[in-house]
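Me: I should like to learn how to read the features of a protein model. May we go through them in turn?

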Amino acid sequence: LGSMARRCTGQGWLFYATLLLGWAVSVHGLTRAEFFPFGKTTGDHVLEQGNDLSQQLALDKPVLFYDGKFDNIFPSAESTYLGKMPAGFGMIAALHGDLDTGDGVGKVYYRQDASPATLRQAAEQINRAFPEDDEVREREMEHLFYFNKDIVQPRNSFQLVIASAETTSYAILLYPRKGMQFASTAVGGSSQAMQAGFSKGLVNYLVFSTRQGPYYRITTERETSVRALAEETNSGKRGVWVYEIGTSPYFTSVAPGEVTDLPPDTGLESRVSEEATSKRYPGGGQQVTYSPYEPEEEVYRKEQPHQGPHHGGQFTVHTVQYQPQVVVVDDGDINVDGGFTLFVFSYNSETCANNRNKCSTFADCKDYASGYCCHCRPGYYGNGIQCVSEGKPQRMNGKVNGRVYVGNSPSPVEFNSNDLHSYVVANDGRAYVAISTIPARLGPSLQPLSALGGVIGWAFALEQPGYKNGFSIIGGEFTCQAEVTFLPAQEKLTIKQVFSGIDEHDHLVVSTTLEGRVPEVLRGSTVQIEPYSEIYQYSSNLITSSSTRDYTVSLDDGSAETRTYQWRQTITFQSCPNDEAARAVLPTQMLSVDQVFVMYDSNNELIRYAMSNKIGDVNGEVTSPDLNNQCENSCFTGRHGCDTNAVCRPEQGTQFTCQCAAGFTGDGRSCYDIDECREIPLACGEHSVCNNQPGTFRCECNDGYQFASDGHTCIVDRPVDHCAAGSHDCDITERAHCSYSGGSSYICSCLPGFQGHGRVCQDIDECQSARCHQKAVCYNTQGSFTCQCRPGYYGDGFYCSSEHTKSQCETHRDRLLGSTEYGPQPVPGQYVPTCDSQGAYEASQCHGSIGHCWCVDRNGLEIPGTRTGPGRGPTVRPAVGPTPRPDVYPLPPGTHLLFAQSGRIEFVPLEGYNMKKTEAKTVLHLPEKVIIGVAYDCVEKMVYWTDITSPSISKANLQGGGAIPVIRSDLESPEGIAIDHLGRTLFWTDSMKDRIEVASLDGTKRRVLIDTNLVNPRAIIVDPVNGNMYWADWNRDAPKIETSAMDGTNRRVLVKDDLGLPNGLTYDPQSSQLCWADAGTHMIECMNPAQGDRRKAMGAIQYPFGITSHGKNIYYTDWRRDAVIMVDRQAGTETDVFLPQKQTRLYGITTAYAQCPSGKNYCAVNNGGCTHLCLATPRGRSCLCPNNALGVSCVESEGGRF
């Protein structure tokens, strides 16, 4: 009877339908008084009486159901589909059975309504069911639809409410105690349990066919599940069930409410006339018998239904023989896209005694029952960790990186570490932003993006009475992820801004990254941006906003064009969970932006933005009743004349005073900095010097001293070579170099082929700058690139010719060989280089006369430090495997695919993204073993595998050596395996023990992470940079793909609908795409886990098992084809097939990278400071003890940062 979503804020409307077939009063269960209002006196429509009837109702705003939108809904009494669920069309069944209303007693009521009380009631139900999501407020809804049905005794009473927003829709179902008089209905001469659930109906399949779409069942085939509807809950209220049933633009699955616990139900027996007998069923229901229903007069307050426009879409609602009451809540712009999180600080359950120094200098620490929180002192504002003085201007500094395409240009404009400076006058909300060194090719086209300074304006916006700006709520440590869509051509730009707090100069530090495409604004054009408003919606650790913005481009010739873009933003942060009062932030606020100014200075390559920002009520109204005429007070308009270093204090009516900010003195109209260093001689302690700064001061330790752990006392500085100790924060050695510079200082620098500031280094894509010959193909690799002449051309890739010309090596060699009548002859005692079959220098060169050998680069130049003396030529590495075999080869340099085939592991070299099938060989041979999963450690060049015959987990060096056991005990069927190359841990699934475990790479430190609600776990992968773990459970009854942090916390289901046998998983960190191969649906699908944008990458495949990815390609093993198949993920086409010489079943597959992927986590340096297991999380890292840590000194610390 309804479809709904999870987060309801903003302008909304409600569609409302109630099913009332029976009624009984119960103090502890749901009562009739708690139903949404219904009946003739409320203005309800009445469905024509009889059986198998329905009626169309045009909705004022669409309902979201699964991934579709519907403008019409059909309250219905049809019984046609009894016993035929799921139906072939979109259907919500509040309780599906066969009862006739033709006797004149049963009635079906429905309507759309806008009663504040009814809207408030819907908001309360949703908020209680989803306590972790954004709060729903009654005034944010504006319309409601109501539907009710009533039938003679014995009868059932229940109600369905649909609350809908622009991006989400919810279904609220209410089943009163003693209102469920029967649980089965007659179907074809037999009795069957009634059904409740949601059905999408038939969906298109392949080209000319359809198949049954997703179907979510609330009840089972047993009557006890029906009776349990009135006894249990998923919303924290007995008999009330809430579901998220539609989201846009991405939909994953129907999501039930999250609160299944009930408060104690004392004295129940005395309140029920007949003692209820109960029996548990798998879904948690009870079978209960009640006394007969007594009719009561249906009289409720009258609400006038809202008359809205008619729309074309159709949506069928089946209430079938009951009194359905459906409520639909529409909620304005809601953005629930995932974002990136940077938490420098994390609260824990300790007390202020040991954590007071973690609060701001201008904050107090307060203990609560569950831990402590920091609170800014009077005169300051922030989240307690970061506090700034009221009224004081705020400065921001940072860097901007980007890769932006302009217009239809095929090549991007790239920039790195451009300076960003911002200045905000906090007492009037005016913000100024400047970004330097923006090339003229891009600068004019960035003018419309005043949004680059938008989050800065929101953070320090002028506060209207009763409202708080961003910094007051979340402080200065947060991450903002925004998507800009330009209309009508749909160009998209992603903006990521990481705010890392206040530095020692009292400046807020921000890092900005731009990536995507913007429409071109011609040079010399000016841009005018109209004032706009933006709705911000708040939850405990997430803020979302969206808006549509118009701007006018004026060209040199005097013509002008108005354009539009859409802005969607997600802000992630960490709030203090211990103070309940701190959660009283308004769930929705509106940022009003006007006086927007933008300009690009082409002479100085500088772009500037300026804007005025106010934060307040979504309707622009003053909501505090105790403030008279405050909307006219100059403190709230910014026109007060106070000094820029003063705070405006509102008084009665339009009166106000100006008060200098902390650290300044004066009358408020003129304020002067206080020199604390001069007026407070002992402001800093011994061995330190005091430096005065505007509004504050800073203590610095003298040379030879450093701050102690308290951050105040200066102690003798004992130099530490962090480079040698490994305690530096440079990127990994494959991408960066740490240089010791004396004392305790060091310098991080990126290696050639990488770019960045040394702490984070990104691969340079040399192929973007046309480094190869025009007749060659460029293949980018980590830190380097290769060039290869196209077919029919010859050369080294840097020069290609249709005629075979000598390469540099061949020219070098032939010049030294000379020519005689007997052919080329070398000059005695002279070194002559050797060239490979492609004409390139062999990597190892030797001088035949003196016996020296050395390594050379691609130009033939000797690499320093590689020369060996006579008799010490290149080492011949032994074959990998427990016994020498002529058909087993060490892994050559480069990137390869590793795959398992019964008792062996083979490799296929990759040239760019293509398989070099002719060079495939066996790298490991283990006869009489069945190797299932394979994983690769790019640091030590080791392959790890699971074996189900032993069972065991082992490893081997791919450059030579035998198998090394890692885990040999307490295993039954180890299958999936994954490596965290940063944290030096391995993860695996056991499909017989039904659990997920982690261990150190030597297997000595082992811990069970997850051992509940698993049936057949197989594939597992980790994303160590972001701290996430993903796994697939191919349970044939309920297959699913789940995720959690790498320490097993924050577990949740990503996908559970339309799955068959999800055998393989892979994650591409470059595109953030999680892909899986399903042998049941015969498809490969992908999604961004943070966005839920599920899509099909390849269909009509046969029986996939393992899957891996590299760049644009996906590679999977197939049991029926006995092959490794390559798929272009973007084009959705099969591009190549490799058939191993041995035709047997293939299992796991992984990518062995030539260099480790870029990125870093908090476990990469010094084991994250942990004593035993360090496991990355999205917020930092957890220190965990192994399960066998008895008697071992081990310290656990979950989820925080160090």
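**Strands, bonds and exposure**

Reply: Strand β55 (residues 896-901) runs antiparallel to β79, and four bridges join them. Within this pair, Leu-897 has Thr-1151 in β79 as its bridge partner. Strands pair if DSSP finds at least two bridges between them; strands (E, at least two residues) and helices (H or I, at least four) are DSSP runs numbered from the N terminus. This is a predicted model, in which local features need pLDDT of at least 70. Residues are numbered from 1 along each chain as its sequence is written.

Me: Are the residues of strand β79 (residues 1149-1152) buried or exposed?

Reply: Buried means under 20% relative accessible area, exposed over 50%, and partly exposed in between (1.4 Å probe, protein chains only). In β79, Ile-1149 and Thr-1151 on one side and Thr-1150 and Ala-1152 on the other are all buried, and both faces are thus covered. By contrast, Asn-1166 counts as exposed at 57% relative accessibility. Asn-1166 lies in the loop between β79 and β80 (1173-1177), and its phi is positive, near 55°, although the residue is not glycine.

Me: In which order do the four strands of the open sheet stand?

Reply: The order is β59-β60-β61-β62, with antiparallel pairing. Strands β59 (931-937) and β62 (964-967) stand at the edges with a single partner strand each, so one side of each is left without a neighbour in the sheet. Three bridges join β61 (residues 952-957) to β62, where Ser-954 stands opposite Pro-965.

Me: Which peptide bond is cis, with omega near -15°?

Reply: That bond runs from Ser-950 to Pro-951. Pro-951 is found in the loop between β60 (942-947) and β61.

Methods. Predicted model: local features only at pLDDT ≥ 70, side-chain atom pairs only at ≥ 80, totals over all residues. Heavy atoms only, no water.
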